[in-house]
Amino acid sequence: MNVRIVTLSIDGRDVGAREGQTILEVAGENGIEIPTMCNLTGLKPIGACRLCVVEVAGSRKLLSACTTGVTEGMQVTTDSERLRNYRRTILEFLFTEGNHTCAVCVSNGKCELQELARKLGMNHVDVPYRYPRRDVDATHPRFVLDHNRCILCTRCVRVCDEIEGAHTWDVMGRGIDSKVITDLHQPWGSSTSCTSCGKCVHVCPTGALFEKGHSVAEMAKRRQFLPYLSTMRGAKE
Amino acid sequence: MMRDVLLKTAEAERAVKDEKKHSIRICTAASCLSCGAEKVRKAIAEKVKAAGREDTAVAGVGCMGLCAKGPLVTVDGPETMYAEVTEEDAADIAASLDNGPVERIRCDTTTPFFQRQEKIVLENCDRINPERIEDYIAADGYLALTTAVLERQPFDIVDEIVRSGLRGRGGGGYPTGLKWSTVAKAPGPMKYVICNADEGDPGAFMDRSILECDPHRVLEGMAVAAYAVGASEGYIYIRAEYPLAVKRLKLAIRQAEKMGLLGKNIAGTDFSFSIDIRLGAGAFVCGEETALIASIEGQRGQPMPRPPYPAESGLWDSPTLINNVETFANIAPIIRKGADWYAAIGTETSKGTKVFALAGRINNTGLIEVPMGITLREIVYDIGGGIPDGKAFKAVQTGGPSGGCVPASLAETPIIRSTTNLCRSSDRSWGPAA
């Protein structure tokens with residue numbers, strides 16, 4: 001099969017890429033880091049969190065690097081004052097929308113949200129905290145879902161649908177009332193579709209999904225299975 | 001053979017009409033219905049019957065435009081129009097048939113509101129009964145579809161639409177012909193045609209009026225589109241808040257299927273196309289095409305990143321043509337009268353006409369259709385009749401709440417499709433541009 005090669009520039013560097021690759025993939029191959037949150041290699045990109053936004057010459061809008069395909073002659077900027085502002089504000093929104101109390105979280109020190117805040121230098125927030133009232137679902141024998149720590153990246157929804165094939169997870173509600181649910185909003189423990197494989201727990205970037213029996217800062221996520229499984233799936237298709 | 005059936009139906013229908021000396025038409029679109037049009041229709045029918053006037057036809061028809069002054073009634077054509085008609089006026093109207101109009105309730109139709117309009121999409125609205133397919137057929141209905149499937153090739157139809165210069169009427173303004181040819185060229189065993197009738201902007205009622213007053217026109221447009229792009233199934237995604245439009249659409253689909261104009265083997269050819277209705281559950285976002293498709297699939301109505309565009313991978317990952325109600329309503333006249341005729345209307349960059357709903361602080365609120373290139377001032381002052389109580393005209397909002405506000409100082413700019421200048425606040429609006 002013929003694959004067309006295109007050339008583009010990212011942050012002033014000329015790079016080559018296969019047609020069909022995304023800006024994020026090409027940047028990654030060339031050691032240019034773009035912050036991401038909802039994206040996870042092996043899952044379908046959805047461009048939801050907007051942390052990976054980049055500037056593309058000729059486009060007024062900021063484009064999400066995870067969903068935008070490369071084109072010939074494209075000029076991409078991954079870092080600028082404007083982008084830093086946007087990313088920081090998005091991150092602040094993520095923190096203030098839920099209840100992210102790192103000091104008592106199972107994922108403290110092992111959390112992607114926390115790590116990104118550290119990397120982007122978010123040492124305070126300018127928007128007021130919402131302190132929403134959210135539930136915890138501990139009905140599953142092995143896992144816990146804590147809505148307080150959920151940022152709605154939908155990685156759990158996608159891994160369950162695309163890799164495990166169970167589609168136990170989905171999102172209900174709109175806007176600020178959105179939340180992830182199991183089956184038709186039944187307690188996780190009573191779910192008939194859940195295979196208890198635990199993939200959702202391990203792709204979760206925060207402590208929203210964790211294994212029982214872990215205390216503060218003990219929940220390390222293991223994702224070695226994902227590249228393997230998605231390669232297998234790709235080969236089959 | 002199908003063509004003969006059509007022509008015969010049209011002829012029979014016209015003969016029935018010719019037999020009658022007089023015709024009284026009452027607007028039965030949602031706006032007039034809400035101020036008592038149905039009672040007026042019954043009262044007039046009663047009086048006419050009581051007077052023994054068998055030479056007079058009384059019919060409920062679609063929107064006559066001047067919604068501000070409903071219920072509206074016309075006698076023997078649009079020239080004699082009565083406004084704000086009540087049941088008490090029925091006797092006078094019935095008695096007036098031979099001795100001139102009732103001046104007391106007569107509405108002046110020589111005003112710019114009626115004279116400045118140019119009706120293509122709304123051409124049938126004030127004269128056909130939306131609940132009878134025979135009325136539509138008598139007005140050259142389904143002629144475009146039968147001509148297309150019997151005599152023309154799909155690529156020829158796409159070419160006609162390309163040459164007409166028609167652009168999507170939903171707001172994006174994407175060239176319709178280009179979209180059709182993309183879907184036509186997309187490979188796949190199954191293709192779909194979707195009509196987006198999820199008109200969500202408050203104050204907008206163009207699509208609702210078209211569906212309520214002339215539903216067959218939209219069905220015909222969809223069927224022609226399906227033939228052109230090679231689709232065999234279609235969906236109309238309509239808001240549940242439009243019950244009358246839904247009711248009339250369902251009826252129209254049933255009537256068209258019965259006559260072999262929809263469903264299997266249309267007009268006796270091997271082209272089949274069926275249409276189903278899907279009701280929106282009130283989410284504004286489902287008017288966005290990818291969210292709308294997700295909603296039809298039974299998923300949460302949420303936009304997905306594009307590309308891939310629906311033309312390539314839409315409903316159930318198949319190539320999908322998705323157009324707005326008004327866009328489909330333009331198709332039949334273009335096929336019937338030719339692309340050159342359509343392209344001659346409007347401006348260099350924006351062809352044809354545009355339906356607008358006039359709402360808010362303006363004298364003549366209602367539904368209008370004007371050629372592209374008309375200025376905002378003409379719409380507000382000539383057609384709209386100016387601002388109530390002689391107050392100052394300050395600004396208009398075009399394209400709904402997500403559109404932009406245009407100040408009075410820019411009222412001389414012509415209405416065209418634009419993605420620049422004044423409409424920068426929203427890329428999705430039909431409005432004036434410099």
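**Salt bridges and burial in a predicted two-chain model**

Mentor: Over all chains, the structure holds 42 salt bridges, and since the model is a predicted one, each of them is a computed feature.

Trainee: What makes Arg14(B) and Asp140(B) a salt bridge?

Mentor: Their side chains meet with N and O 3.6 Å apart, and because the cut-off is 4 Å between a side-chain nitrogen of Lys or Arg and a carboxyl oxygen of Asp or Glu, the pair qualifies. The two partners are 126 residues apart, Arg14(B) lying in helix 1 and Asp140(B) in the loop between helix 6 and helix 7 of chain B.

Trainee: Why is Glu160(B) called buried or exposed?

Mentor: Glu160(B) has 7% relative accessibility, and buried means under 20%, so Glu160(B) counts as buried. Its salt-bridge partner Arg163(B), at 41%, falls between the limits of 20% and 50% and is therefore partly exposed.

Trainee: How do you know that Arg163(B) and Glu160(B) are separated by about one helical turn?

Mentor: Both belong to helix 8 of chain B and are 3 residues apart, which means a separation of about one helical turn.

Trainee: Why is it said that Arg306(B) and Glu289(B) tie together parts of chain B?

Mentor: Their closest N and O atoms are 2.7 Å apart, within the 4 Å cut-off; Arg306(B) lies in the loop between helix 13 and strand 9, whereas Glu289(B) is in helix 13, so the pair joins parts that are 17 residues apart in sequence.

Trainee: How many salt bridges are counted between chain A and chain B?

Mentor: The count there is 0, although 3 residue pairs are found in polar contact across that interface.

Key
Residues numbered from 1 in each chain as written. Chains lettered and ligands numbered in written order. Predicted model: local features only at pLDDT ≥ 70, side-chain atom pairs only at ≥ 80, totals over all residues. Heavy atoms only, no water. Polar contact = N/O pair within 3.5 Å; in protein donor to acceptor, adjacent residues only side chain to side chain. Helix = DSSP H or I, 4+ residues; strand = E, 2+ residues; numbered from the N terminus. Buried < 20%, exposed > 50% of the residue type's maximum accessible area, 1.4 Å probe, protein only.
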